[in-house]
Structures are given as C-alpha cells and as structure tokens.
Amino acid sequence: MIDTDEITIESVTNYIYDILKGNLPENVQGLEITLRHEVINGAFYHYTHGLKKHDGNCQRIAHGHRSPIELVVNGQRDVQREAAFAGRWQDIYLGSLEDKVSLADLSLSDNATGITDDTHYGFRYSAPQGEFELAISKLETEILDTDTTVELLANYVADEVSKTLAENQTLQVIAYEGVGKGAMAFRS
C-alpha cells in the first residue's frame, strides 16, 4: 500500500503523515510523527490475546505483542531461563479460562468444518467494542486462570519460573508489552 521501492522508517512516516494530514480537523495546526526501530537485546515473547475489561483496542480478541522479557535470579540476568520462557510463548495465543467456551457456542464460518473441541479451543466475550469470538488450535494456545494483562502475565511468569528455582533463590520478572509499558513481579 505504500508507494515506495523500499519500506523504511522515512517511507512509513511519510505515508502515515499523508493519511493523517488529510483527516485532521481544521483547528490542528501541525503534525509530527516519530517512528523508531524497536531494540530488543535478549529474549522476547510473541503472543496474541484479548482483554474484554480494557478500555482501548486491547479488547480485540486476537491482537498481538512482541516484547522483551527479563528474568533476574539472585540479582543476575538469567538468559537461559529468559530464552526458555520466550520459546514457550513464541507465537502463542494466551487465553483466559473465564472466556473459554465450547466450539458449539461460537458462530463459526463454513471454513471451520472439521475442527472439534478435541483440537481447538473456543473463546468468547462481550466488550464495549462488541462481541468477540475465536476458535484456535490447542497446539498454539496456553490458557491462564487470570486475565492476560501485562501485570498478571508478569505474576504468571514469576509463578512458573519459581518452580525451577532452588528454595533460597530470588526472582525478579520484568515483563514488557510493547514500547513503554510493562510490569514487574518478585518471588523470594
């Protein structure tokens, strides 16, 4: 959609500027857009989820994040545990148990023939932006007994990683969600 030979920060910035410039009210005097490359030094997870209790676009049942994760054991980054957890949540759907339903409860399209409750999970919820439904392979899903906010994900990761620690080890989890948002959890 971008009329350019190469996708660069500059070409994307110009494209976004042109779209926004033509749709702004007359009282807007200027527009400045700054895009930057995301720098992730270390392990990252890549998951999709939905948050029915969220006020913004996180209500969409299958939107995603690619974010770094830091695990600090006894005051030192543990890159092996970071890589292991990042691998566990590489291209996965994180579903809330509260939203899990039978596939029979979903309005599936004709393209969904052949999927069953043995192979797929169904998720469904209502949010201010509408009704959301999803059928997804069990192989690409992890179900949590909480909502999937970054704060609760940090606690979940801490609980899971704590199972691999010796009794006297401490753990700090720094879980990010996109740029400038994250949460920390501690276990001792």
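Two strands are treated as paired where DSSP finds at least two bridges between them. On that basis, strand 1 pairs with strand 4 (residues 90-96) in the parallel sense, over 3 bridges. Within this pairing, H46 stands opposite Q90 of strand 4. The model examined here is a predicted one.

The chain contains 3 helices and 10 strands. Along the sequence these elements follow the pattern α-β-β-β-α-β-β-β-β-β-α-β-β. The C-alpha trace spans about 60 × 45 × 35 Å along its principal axes. Of the 188 residues, 36% count as buried. Contacts between residues at least 6 apart in sequence were also examined; 57% of them join residues at least 24 apart. The exposed surface of the chain comes to about 11,600 Å², and carbon and sulfur atoms supply 48% of it. Charged side chains number 15 positive and 30 negative. The centres of the two sets lie 5 Å apart.

Strand 1 covers residues 44-49. In a regular strand, side chains alternate between the two faces of the sheet. Strand 1 has one covered face, made up of Y45, Y47 and H49. Its uncovered face carries F44, H46 and T48. H46, the residue opposite Q90 in strand 4, therefore belongs to the uncovered face of a strand, given that side chains alternate. Strand 1 also runs antiparallel to strand 2 (residues 63-73), and 6 bridges join the two. Two positions illustrate this pairing. H49 stands opposite H63 in strand 2. Y45 has S67 as its bridge partner in strand 2.

Strand 2 is mostly covered, with 9 of its 11 residues buried. Besides strand 1, strand 2 pairs with strand 9 (residues 171-176). This pairing is antiparallel and extends over 5 bridges. Here V72 has Q172 of strand 9 as its bridge partner. Strand 2 is also joined to strand 3 (residues 76-77) by 2 bridges, again in the antiparallel sense. In strand 3, the bridge partner of V72 is R77. V72 thus has bridge partners in strand 9 and in strand 3.

Strands 2 and 3 form a hairpin with 2 residues between them. N74 lies in the loop between these strands. Its phi is positive, at about 50°, although N74 is not a glycine. N74 is partly exposed, with a relative accessible area of 42%. A positive phi also occurs at D91, where the value is near 55° in a residue other than glycine. D91 lies in strand 4, the parallel partner of strand 1. D91 is exposed, its relative accessible area being 51%.

The largest nonpolar core has 25 residues. Those with the most contacts inside this core are I69, L71, W89, L94, V157, L171 and V173. Two or more residues come from each of strand 1, strand 2, helix 2 (79-88), strand 4, helix 3 (150-162), strand 9 and strand 10 (182-187). Helix 3 gives the most, with 7 residues. V173 shows how these parts meet. Leaving aside neighbours within four places in sequence, V173 is in contact with E70, L71, A154, V157, A158, A183, M184 and A185. A second, separate core has 9 residues, including I61, Y93, F132 and I136.

A further set of strands forms an open sheet of 3 strands, in the order 5-6-7 and with antiparallel pairing. Strand 5 (100-101) and strand 7 (130-137) stand at the edges. Each has a single partner strand, so one side of each is left without a neighbour in the sheet. Strand 6 (residues 120-127) is joined to strand 7 by 8 bridges, and the two run antiparallel. One of the bridged positions in strand 6 is S126, whose partner in strand 7 is E131.

Notes: Residues are numbered from 1 along each chain as its sequence is written. This is a predicted model: local features need pLDDT of at least 70, side-chain atom pairs count only at pLDDT 80 or more; totals for chains, interfaces and linings use all residues. Side-chain values use heavy atoms; hydrogens and water are left out. Buried means under 20% relative accessible area, exposed over 50%, partly exposed in between (1.4 Å probe, protein chains only). Helices (H or I, at least four residues) and strands (E, at least two) are DSSP runs, numbered from the N terminus. Contact means heavy atoms within 4.5 Å. Accessible areas come from the Shrake-Rupley method with a 1.4 Å probe; for residues, only the protein chains shown count as cover. Lys and Arg count as positive and Asp and Glu as negative; His and the chain ends are not counted. The place of a charge is taken as NZ of Lys, CZ of Arg, CG of Asp or CD of Glu. A nonpolar core is a set of buried Ala, Val, Leu, Ile, Met, Phe, Trp, Tyr and Cys residues joined through side-chain atoms within 4.5 Å.
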